[in-house]
Amino acid sequence: MTVSESVPVTRRAIEFVASDDVRLVGELALPAAPRGAAIICHPHPEFGGNRFNNVVTALFEALPLVGVASLRFDFRSPFSGGPGERLDAIAALDAIAAEVPGVPLIAAGYSFGALVALGLDDDRTTALVLVAPPLAMTPQGESPSVRTLVLTPAHDQFSPPSVSAPIVATWRDAPVDHRTIEMADHSLVGHTRTVADAVTDWISRQVSS
């Protein structure tokens with residue numbers, strides 16, 4: 001489905017609470033007639049990652065234009081090392097499912113956020129989007145159980161295609177589409193439009209199937 005700038009989108013702040021009572025803040029973007037909904041997990045907060053990251057922002061703005069509601073949010077503070085951030089992501093799924101009931105749910109993440117999305121154990125999630133996931137840091141044996149898009153920068157400093165491809169090749173529980181973002185490094189500066197176009201096209205096909 002082609003991205004259309006004319007799609008009416010409502011954006012507003014949102015607050016929600018994780019299962020361990022940590023209060024979280026984020027932003028919700030709702031198209032007029034959502035046919036899917038996605039949470040977007042940001043990069044490592046101890047290295048400057050937050051919901052306003054360039055890749056997160058590109059996805060947050062592009063997804064509603066193809067009819068997919070999006071929720072970007074900040075992980076808890078202080079940083080918990082992973083387990084707490086997974087609770088945050090599950091709470092985000094709760095929040096967007098309440099706002100947009102009855103549509104497919106997608107978990108997307110960039111860098112550390114991609115590892116959080118990959119580590120979610122939530123049966124409501126029907127697809128995953130992993131942008132520049134540092135798969136070399138993935139626990140051995142962890143693999144997705146739902147359809148997954150993996151976008152690896154050609155010059156990623158943490159997990160370039162030569163590292164990511166053999167790991168992805170072991171994922172056999174669900175279909176995986178692994179693509180290389182040419183000329184890009186882990187920061188994806190100058191390549192966020194390429195990422196957003198790839199993700200919106202792929203997600204559009206998932207929520208239509």
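1. Proline 78 sits in the loop that runs between strand 4 (68-73) and helix 2 (83-99), and in this predicted model the peptide bond leading into proline 78 from serine 77 is cis, with omega near 5°. Most peptide bonds are trans, and most residues other than glycine have a negative phi. The bond from serine 77 to proline 78 is therefore one that a reader may wish to view against that general background, since its omega is near 5° and it is cis.

2. Two residues call for a similar remark about phi. Serine 111 is not a glycine, yet its phi is positive, at about 60°; this serine belongs to the loop between strand 5 and helix 3, and it counts as buried because its relative accessibility is 11%, where the cut-off for burial is under 20%. Leucine 188, likewise a residue other than glycine, has a positive phi near 60° and is placed in the loop between strand 8 and helix 5. With a relative accessibility of 1%, leucine 188 also counts as buried.

3. The sheet is open and is formed by eight strands in the order 1-2-4-3-5-6-7-8, with mixed pairing. Its edges are strand 1 (9-17) and strand 8 (176-185), each of which pairs on one side only. Averaged over the sheet, and with direction ignored, neighbouring strands are turned by 20° against each other.

4. Strand 5 deserves a paragraph of its own. On one side, strand 3 (residues 36-41) runs parallel to strand 5 and is joined to it by five bridges, with alanine 37 standing opposite leucine 105 of strand 5. Strand 5 (residues 105-110) also pairs in the parallel sense with strand 6 (residues 125-131), here over six bridges, and within that pairing isoleucine 106 has alanine 127 of strand 6 as its bridge partner.

5. How many of the residues of strand 5 are buried? Six of its six residues are, and the strand is accordingly described as mostly covered. In a regular strand the side chains alternate between the two faces of the sheet. In strand 5, Leu105, Ala107 and Gly109 point one way, whereas Ile106, Ala108 and Tyr110 point the other way, and all of these residues are buried.

6. Contacts in space can be set beside separation in sequence for residues around strands 5 and 6. Leucine 130 is part of strand 6 and counts as buried, as its relative accessibility is 0%; its C-alpha atom lies 6.0 Å from that of alanine 108, although the two residues are 22 apart in sequence. Leucine 93, in helix 2, likewise counts as buried at a relative accessibility of 0%, and its C-alpha atom is separated by 8.7 Å from that of isoleucine 106, which is 13 residues away along the chain.

7. Valine 66 offers a further case. This residue is located in the loop between helix 1 (54-62) and strand 4, and it is buried, with a relative accessible area of 0%. Valine 66 and phenylalanine 79 are 13 residues apart in sequence, but their C-alpha atoms are 33 Å apart in space.

8. Helix 5 (residues 192-208) can be checked for its length: at 1.5 Å a residue its 17 residues should span 24 Å, and because the end C-alpha atoms are 24 Å apart, the expectation and the model agree. An α-helix has 3.6 residues a turn, so residues three or four places apart point the same way. The buried residues of helix 5 are Val195, Ala196, Ala198, Val199, Thr200, Trp202, Ile203, Ser204, Gln206 and Val207.

9. Lastly, the largest pocket. Its volume is about 450 Å³, and 21 residues line it, those nearest its centre being His44, Phe112, Leu115, Pro134 and Met137. Which element supplies the largest share of this lining? It is helix 3 (residues 112-118), from which three lining residues come. Sorted by class, the lining consists of 10 nonpolar, nine polar and two charged residues.

Conventions:
Residues numbered from 1 in each chain as written. Predicted model: local features only at pLDDT ≥ 70, side-chain atom pairs only at ≥ 80, totals over all residues. Heavy atoms only, no water. 1 Å grid on protein atoms, 1.4 Å probe; cavity = no way out; pocket = protein on both sides within 12 Å on 5 of 7 lines; lining within 4 Å. Points joined across faces, edges and corners; volume = space filled by probe spheres on them. Helix = DSSP H or I, 4+ residues; strand = E, 2+ residues; numbered from the N terminus. Nonpolar A, V, L, I, M, F, W, Y, C, P; charged D, E, K, R; others polar. Pairing = 2+ DSSP bridges. Axes fitted to C-alpha atoms, helices over the stretch in contact; angles between N-to-C directions. Expected span 1.5 Å × (residues − 1). Buried < 20%, exposed > 50% of the residue type's maximum accessible area, 1.4 Å probe, protein only.
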